[in-house]
Amino acid sequence: MHPFASYVLRSYYKATGWNEDNLYANLTRSSSALLDFSVPHGLHFSVSKAPNALFKTTYAMTAMPSLQGSVGYIFTSCDLNVKSSGNVRFKDMIERFKVYDQPRRPDPKEEEWLAGENVSARDYLLYGRFFLPTGRLDALYSTRLTPTIQASISAISDPPSSEHPELRGRRADLSNVMINVQHDVGKWCTEYTWSAEDEMWGVRMLHNFGKLGLSTESPSEDAAAKRRVGMKRVDEEDAVEGGLKGRVSLGAEIYFSAKERSAGVSTGIRFTTLPDATPPSFQVPVAAPNASSSTPRAPPSQPPTTITALFNPMLGHMSGAYTARVSRDLALSSRFDFNVYSFESEWAMGVEWWLRRPPTSPSDQDGPDTSSYQEPPSIHSADVHGVVKARASTNNDVSLMWEGRLRNMLVSLGVVSDLSSRSKPIKALGLEVAFFSSE
């Protein structure tokens with residue numbers, strides 16, 4: 001599940017209108033949710049609190065295999081609608097398969113005027129976390145410079161411990177500062193990165209073919225409803241007879257380290273089917289309650305599918321993944337990795353199965369975070385209370401994880417096994433419990 005700090009950061013991006021999915025680094029996010037999910041190791045507890053809309057605190061403790069903890073603080077310049085662990089939409093806390101919306105140009109912040117003067121200020125987020133007993137300190141500062149440019153500075157201060165350097169690894173000091181600048185105009189998204197530890201410079205680019213998505217700005221509820229009703233379905237664009245209809249994104253990255261005197265390059269392509277233009281789509285305006293809500297929605301004309309391919313010519317690594325939702329509660333993924341230099345290969349398979357129970361009231365539905373949209377009673381979706389993920393590969397590694405909600409707590413339980421080892425078939429076993437409140 002997402003840590004509380006990650007949940008707040010995503011809420012900040014959504015509140016400020018920044019699309020974190022339009023990045024080359026997230027090109028394979030849909031398949032990675034099924035094939036690269038992280039299983040908790042040991043026993044981990046976290047408690048977080050949001051005393052107001054601007055300030056949040058989080059505390060975490062790991063009891064096994066060693067005792068350690070951390071304290072974190074988050075401050076934002078804008079109000080965030082952060083919910084409690086008992087009523088937060090469960091799918092918002094899970095890394096899952098998802099067909100993301102069409103890329104769009106970020107909207108500018110609404111101007112604030114006072115006595116004839118523009119008093120608008122830049123949105124920003126401050127985050128700090130202190131680890132005990134190591135004394136490590138993590139920090140993050142993110143701000144919007146312009147409507148299409150966002151900058152962030154992250155830092156790690158890890159002082160050398162009393163242990164011998166050979167016991168801590170090759171490098172005794174892991175302190176680092178990284179600067180990241182993202183320029184997103186919808187059709188293109190460029191990311192510039194600089195790391196002080198190894199003096200690395202990097203550039204990532206992602207280009208989306210096809211039309212841009214709708215702007216999230218809506219002048220009024222009536223106009224939004226009219227635009228929503230008269231809108232053509234997104235998945236009706238660029239129809240191709242006898243095949244899937246969708247859009248293509250092409251990206252690449254290049255980086256150079258002056259300290260290590262090394263460089264790298266990679267490129268990737270992604271095909272994704274176009275989702276239905278219906279809520280809870282992020283950028284589609286929500287219809288009024290009386291706007292033909294009694295008409296049942298037709299099933300998707302094509303299964304939500306994502307196909308990705310990556311190639312690193314310097315390392316000779318090639319990877320291709322195919323992910324699709326075959327039913328309402330079941331998603332499958334398959335990935336093949338191959339190295340042209342060593343001829344090593346790996347085939348991985350993943351599955352995601354959602355667990356539901358009948359809703360007790362409309363407020364308990366795992367639906368969109370809006371009170372103005374409700375599905376017809378005949379097609380009410382049951383409340384999602386958990387998900388089971390499984391992964392297996394030709395390297396004999398098998399992972400199984402269950403994530404769910406128990407009362408007001410979010411729980412993750414997972415196990416990693418090695419089928420080829422008779423002496424130690426269980427590589428890792430862990431339990432994670434998270435509780436946070438906004439009251």
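A390 is found in strand β18. This is a predicted model, and A390 is a handy place to enter it. With 24% relative accessibility, A390 counts as partly exposed, because that class runs between the limits for buried, under 20%, and exposed, over 50%. What does A390 touch, once its neighbours within four places in sequence are left aside? Its contacts are L34, F37, M349, G350, V351, S399 and L400. One further distance involves this residue. A390 and V416 are 26 residues apart along the chain, and their C-alpha atoms are separated by 9.9 Å.

Now step back to the whole chain. The protein chain has 439 residues, and buried residues make up 41% of them. How many helices and strands are there? The chain holds four helices and 21 strands. Contacts also reach along the sequence. Take the contacts with a separation of 6 or more: 59% of them come from residues 24 or more positions apart.

Strand β2 covers residues 55-64, and T58 lies in it. Is T58 buried or exposed? T58 has a relative accessible area of 4%, so it counts as buried, the limit being under 20%. The side chain of T58 also has a partner. A polar contact of 2.9 Å joins it to the side chain of S48. Setting aside residues within four places in sequence, T58 is in contact with F4, V47, S48, S70, V71, G72 and R129.

Strand β21 spans residues 426-437 and includes V433. V433 is buried too, because its relative accessible area of 14% falls under 20%. Which residues does V433 touch, not counting those up to four places away in sequence? They are H44, F45, S46, M409, L410 and V411. Look again at M409 in that list. V433 and M409 are 24 residues apart in sequence, yet from C-alpha to C-alpha they are 6.7 Å apart in space.

Next come the aromatic rings. There are 11 aromatic pairs in the count. One of them is formed by Y12 and Y13, and this pair is tilted. Their ring centres are 5.9 Å apart, with 50° between the planes. Why is the pair called tilted? The angle of 50° is neither under 30 degrees, as for stacked rings, nor over 60, as for edge-to-face rings, so the pair counts as tilted. Both partners, Y12 and Y13, are buried. Elsewhere, ring pairs link F4, Y7 and F436 into a cluster. F4 has come up before, as one of the contacts of T58.

Charged side chains meet rings as well. K91 lies over the face of W354, at 5.0 Å from the ring centre. Which ring does the charged end of R136 sit over? That ring belongs to F131, and the charged end of R136 is 5.6 Å from its centre.

The loops hold some backbone features to look at. Strand β6 (124-132) and strand β7 (137-146) are connected by a loop, and P133 is placed there. The peptide bond from L132 to P133 is cis, with omega near 5°.

Another loop lies between β12 and β13, and R261 is in it. R261 is not a glycine, but its phi is positive, near 55°. Is R261 buried or exposed? R261 has 74% relative accessibility, so it counts as exposed, the limit being over 50%.

N396 sits in the loop between β18 (383-393) and β19 (397-406). That brings us back to β18, the strand of A390. N396 has a positive phi of about 70°, although it is not a glycine. At 34% relative accessibility, N396 counts as partly exposed.

Finally, look for empty space inside the model. How many cavities of 30 Å³ or more does the structure hold? It holds one. About 130 Å³ of space lies in the largest cavity. Its lining is made by 15 residues. Of these, D21, Y100, D101, R247 and R270 lie nearest the centre. Which strands each supply at least two residues of the lining? They include β12 (246-257) and β13 (262-273). The loop between β12 and β13 is the one that holds R261.

How values were computed
Residues numbered from 1 in each chain as written. Predicted model: local features only at pLDDT ≥ 70, side-chain atom pairs only at ≥ 80, totals over all residues. Heavy atoms only, no water. Buried < 20%, exposed > 50% of the residue type's maximum accessible area, 1.4 Å probe, protein only. Polar contact = N/O pair within 3.5 Å; in protein donor to acceptor, adjacent residues only side chain to side chain. Contact = heavy atoms within 4.5 Å. Phe/Tyr/Trp six-rings, centres within 6.5 Å; stacked < 30°, edge-to-face > 60°. Lys NZ or Arg CZ within 6 Å of the ring centre and 35° of its normal. 1 Å grid on protein atoms, 1.4 Å probe; cavity = no way out; pocket = protein on both sides within 12 Å on 5 of 7 lines; lining within 4 Å. Points joined across faces, edges and corners; volume = space filled by probe spheres on them.
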